[in-house]
Structures are given as C-alpha cells and as structure tokens.
Amino acid sequence: MASRSDQRDLRCGADRSHVRAWHDPEAIAGGCNDYRVALAVDLAHDLADHGKRLSAPALILCGAAGAMAKLYDLPATWVDRCTTMEARAAIRGGHCSPDSAPGTLRNKWLLF
C-alpha cells in the first residue's frame, strides 16, 4: 500500500498513466524485470566498483517526502563516491516527484 505522501503524488494528472500501467501485464513484467536486473547485474557492478569514485559531476536529488529521503541521508551516502558533488537537494514530493514538481526538477537540472 502506498504511503500518504505517495498517494498525494499519485493525484497528479501525469500519474494517471502510471496507475493504469499497474494493471497492464507487460508493464508489471517490465517492473519486475527491473528489480531482477538490480539483483543480478547492478549489484555485481556495484561490488566490482566498490571503493572507486565517480569522476563526473553528480547531482543528487530525491523527493523530500519519499522513503529514501526519510530513511537515508542521500548526500552523505554519495559524497564519498563522487569526486565532484556540486548540488544536493530534496524536491517537493515523494516517489513520483518528477511528476509532482517538474518545474522544480527542471530548474535544479539547469542550475547544475
């Protein structure tokens, strides 16, 4: 079940297509495959890269009301992994913050 902040995010008009996709067997399979890749491929890549630092500038963004922002200090998680972390910001919204605050997200990217 979605958290209260996630439910507010889903009231955005743009998110209605996401809600419809939750009933599409192909979309569900795609989402499950994304999680499988995280375990089968992404984790192996992360372990192989352990201790290495990203040389490209990094912009760390998350939805301020989302689980990731509430459970973790995301900038602190990434600061030791990035050579240059020029911007750190939490934006309005939760899991679907790109849909609930697109202008804020765009501005953060442009400033970066």
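In this predicted model, Arg-81 sits over the face of Trp-78, 5.9 Å from the ring centre. The label applies if NZ of Lys or CZ of Arg is within 6 Å of the ring centre and within 35 degrees of the ring normal. Ring-on-ring pairs are another story: a search of the whole structure turns up 0 aromatic pairs. For such a pair, the centres of Phe, Tyr or Trp rings (for Trp, the six-membered one) have to lie within 6.5 Å, with planes under 30 degrees apart called stacked, over 60 edge-to-face and the rest tilted.

A quick word on the ground rules. Residues are numbered from 1 along each chain as its sequence is written. Because the model is predicted, local features need pLDDT of at least 70 and side-chain atom pairs count only at pLDDT 80 or more, while totals for chains, interfaces and linings use all residues; side-chain values use heavy atoms, with hydrogens and water left out.

As for the overall layout, the protein has 7 helices and 2 strands, which run along the sequence as α-α-α-β-α-α-β-α-α. These elements are DSSP runs numbered from the N terminus, with helices being H or I over at least four residues and strands being E over at least two. Buried residues account for 20% of the 112 residues, where buried means under 20% relative accessible area, exposed means over 50%, and partly exposed falls in between (1.4 Å probe, protein chains only). The accessible surface adds up to about 8,400 Å², and 57% of that belongs to carbon and sulfur atoms; areas come from the Shrake-Rupley method with a 1.4 Å probe, and for residues only the protein chains shown count as cover. Of the contacts (heavy atoms within 4.5 Å) between residues at least 6 apart in sequence, 72% join residues at least 24 apart.

On the surface, Leu-39, Leu-43 and Leu-47 make a nonpolar patch of about 340 Å². Patch members need over 30% relative accessible area and no salt bridge; like charges are joined within 9 Å, and nonpolar side chains (Val, Leu, Ile, Met, Phe, Trp, Tyr) within 5 Å. Leu-43 belongs to helix H3, residues 25–48, and is partly exposed at 41% relative accessibility.

The salt-bridge count comes to 1, the rule being a side-chain nitrogen of Lys or Arg within 4 Å of a carboxyl oxygen of Asp or Glu. Lys-52 and Asp-49 form the bridge, with their closest N and O atoms 3.7 Å apart. Lys-52 is exposed, at 54% relative accessible area, whereas Asp-49 is partly exposed at 41%.

Several residues link separate parts of the sequence. Thr-84 sits in the loop between helix H5 (74–79) and strand S2 (87–91) and is partly exposed, with a relative accessible area of 27%. Leaving aside residues up to four places away in sequence, Thr-84 touches Ala-56, Pro-57 and Ala-58. Thr-84 is also 7.9 Å from Leu-54, C-alpha to C-alpha, with their positions 30 residues apart in sequence.

Further along, Ser-97 lies in helix H6, residues 97–100, and is buried, with a relative accessible area of 6%. From C-alpha to C-alpha, Ser-97 is 9.7 Å from Leu-61, although they are 36 residues apart in sequence. Phe-112, in the segment after helix H7 (102–111), is partly exposed at 35% relative accessible area. The C-alpha atoms of Phe-112 and Ala-58 are 8.7 Å apart, with the two residues 54 apart in sequence.
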